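Subject: Structure handover

Hello,

Here is the structure you were due to receive. My notes on it follow below the files.

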Amino acid sequence: MNLQHSADLLQRNQQVIPGGLASINRKADPCIAFARAQGSRMWDVDGNEYIDYHAGFAPYILGHNDPHQNKAVIDAMTQLRSNYGSGPTADEGELARLFLSCIPSAERVQFLNTGSEATAQAIRVARAWTGNDHVLRMQGSYNGNHNMVASNVMSTKDQLGGRQIIGDEYPLAPLTAGIPGAERALMHSVEFNDLEAVEAVARRCKLAALITEPVLQNVGIIKPRPGYLEGLRRLADQYGFLLILDEVKTGFRTAPGPYHAIQGIDPDLSTYGKAIANGFPIAALAGKAKFMDLVTSTDPHKRVLIAGTYNCHPIPVAGAIACLRKLTDPALKVYRKLEGLSNRLEQGIERLMSDHRITATFVRQGSAHCTYFMPVAPTNWWETLSGHDFAFDVRYRHALIERGIYQFPVAAKQGSISFAHSETDIDETLEATGSALNQLLTSPLKLGV
Ligand SMILES: Cc1ncc(COP(=O)(O)O)c(C=O)c1O
């Protein structure tokens, strides 16, 4: 396939932007430059067309350029909404009421611009409430780009000390240089689904918070074992730290609300982004009033600063209101359609893998999914590292891209289906998958792209 214009564009950008793009996580091989997108489809600068399952790292639950959402955003501009920077707005109040009606565990919400801001503020609130500094995360959970959470996601075995650690914490595997030693000493990561390890760290350190995705959706799809999230709740109560569920990816993916509501878990705080606004930059921190109201505490030692020039900018607010209205509209049956399409893909992929005698496990949480090339679904990152065929996964993704199916070309990354996808899209995807598997089995060493 011809990707010449993509390569040229990257090279030109590299002269002025380190790496050639504004978020280094977007850089993958092949590094395709996209030019436009509509519904389930994207087109690159060379004119190649793709059915998109990357969904811009998962926000596009309605699909690209949803017409109702675009109209709401354009209306906000023609009605001369501005980012006044003074006083409240009616739109932020409306968004807050609509949003909270979807989050039974929360009484208050603050809106921010990115998921990273939401998790940073959540940790700040937890520290202010508890007076403690240490923060515990899960190996394989991505919780944003700021210091306190920038570690232990897709770590290598070497970074983790060469062995799986159950019952205690892993060594720190930072995602970035520049984290001061004083902060590194406060960061802890344990294996997902390991309550014993959480307790070991809680006994040793004064924890302000445990923050985790309730389903690990940045390393494919790794689900909590029955009783695990309940166990986290119990340990939080026992040791006095706050339970923060980071629903930036899981929120509004399976149902019009958080994943924790489906499971009947009651976090102290939860964070959102991505699907709440179908691609517009807005995020949320939601929680119990007693924690959230620290923003207006009269005690200066407890008061938490949450501020931002662009918090609730009218454009993403209009986008979020339109998105949530659509997701919660009973007449549209958004989640029923997503479930039907996702099930169709799941059945089809499982049939194809079995027909081709490929050892694979398709794991799905609502409309988010991942194909692991291993016999069973992983329950933590170490099992993925040990069992998943990463090299085959990359070649599989390359072969799909060559056939017009865009899964992000990094092994074990999640795929997402949107409301704009159709049964025809799924069937075309399955046909391309069959053809990709045939190619991979007949020329096992040839890279697809
Ligand atoms: C679970 C989770 N939390 C937080 C973030 C950070 O969000 P953002 O990239 O909007 O800062 C992400 C981003 O992928 C995420 O998946």
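I begin with a turn: two residues separate β11 from β12 in their hairpin, and Gly366 there has a positive phi near 60 degrees. Please keep in mind throughout that this is a predicted model.

The sheet

The hairpin strands β11 and β12 are antiparallel and share 5 bridges. Within that pairing, Gln365 has Ala368 as its bridge partner in β12, and Val363 is bridged to Cys370. The sheet they belong to is open, with 3 strands in the order β11-β12-β14 and antiparallel pairing. Its edges are β11 (361–365) and β14 (415–416), each of which pairs on one side only. On the β14 side, β12 is joined by 2 bridges, again antiparallel, and Ala368 stands opposite Ser416.

Is β12 enclosed or open to its surroundings? Of its 5 residues, 5 are buried, so the strand is largely enclosed by the rest of the structure. The cover extends to both faces: Ala368, Cys370 and Tyr372 are buried on one side, His369 and Thr371 on the other.

Helix α11 (residues 334–355) packs on this sheet, where it touches β11 and β12. The direction of α11 makes about 170 degrees with that of β11.

Helix α10

Helix α11 is also one of the elements against which the buried residues of α10 pack; the others are α2 (67–78) and α3 (90–100). Helix α10 covers residues 314–327, which is 14 residues. From first C-alpha to last, α10 reaches 20 Å, close to the 20 Å expected at 1.5 Å a residue. Since 10 of the 14 residues are buried, α10 is largely enclosed by the rest of the structure. Among the buried ones are Pro316, Val317, Ile321, Cys323, Leu324 and Leu327.

The other hairpin

Strands β1 (residues 34–38) and β2 (residues 41–44) run antiparallel and are joined by 4 bridges. Ala37 of this pair stands opposite Met42 in β2. The two strands form a hairpin with 2 residues between them, and Gly39 in the turn has a positive phi of about 60 degrees.

The ligand

The ligand is surrounded by 16 residues, and the closest are Thr114, Gly115, Ser116, Gly144 and Val248. Which helix gives the most to this shell? That is α4 (residues 115–130), with 3 residues. By class, the shell holds 9 polar, 4 nonpolar and 3 charged residues.

Val149

One residue I looked at separately is Val149, in the loop between β5 (134–138) and α5 (181–184). Why does Val149 count as buried? Val149 has 24 C-beta neighbours inside 10 Å, and the cut-off for a buried residue is 20 or more. Apart from neighbours within four places in sequence, Val149 is in contact with Thr119, Arg137, Asn143, Gly144 and Ile211. Of these contacts, Gly144 is also listed with the residues closest to the ligand. Val149 and Ile244 lie 95 residues apart in sequence, and their C-alpha atoms are 13 Å apart in space.

Regards

How values were computed:
Residues numbered from 1 in each chain as written. Predicted model: local features only at pLDDT ≥ 70, side-chain atom pairs only at ≥ 80, totals over all residues. Near = placed C-beta within 6 Å. Nonpolar A, V, L, I, M, F, W, Y, C, P; charged D, E, K, R; others polar. Pairing = 2+ DSSP bridges. Contact = placed C-beta atoms within 7 Å. Axes fitted to C-alpha atoms, helices over the stretch in contact; angles between N-to-C directions. Expected span 1.5 Å × (residues − 1). Buried ≥ 20, exposed ≤ 12 C-beta atoms within 10 Å, placed from the backbone.
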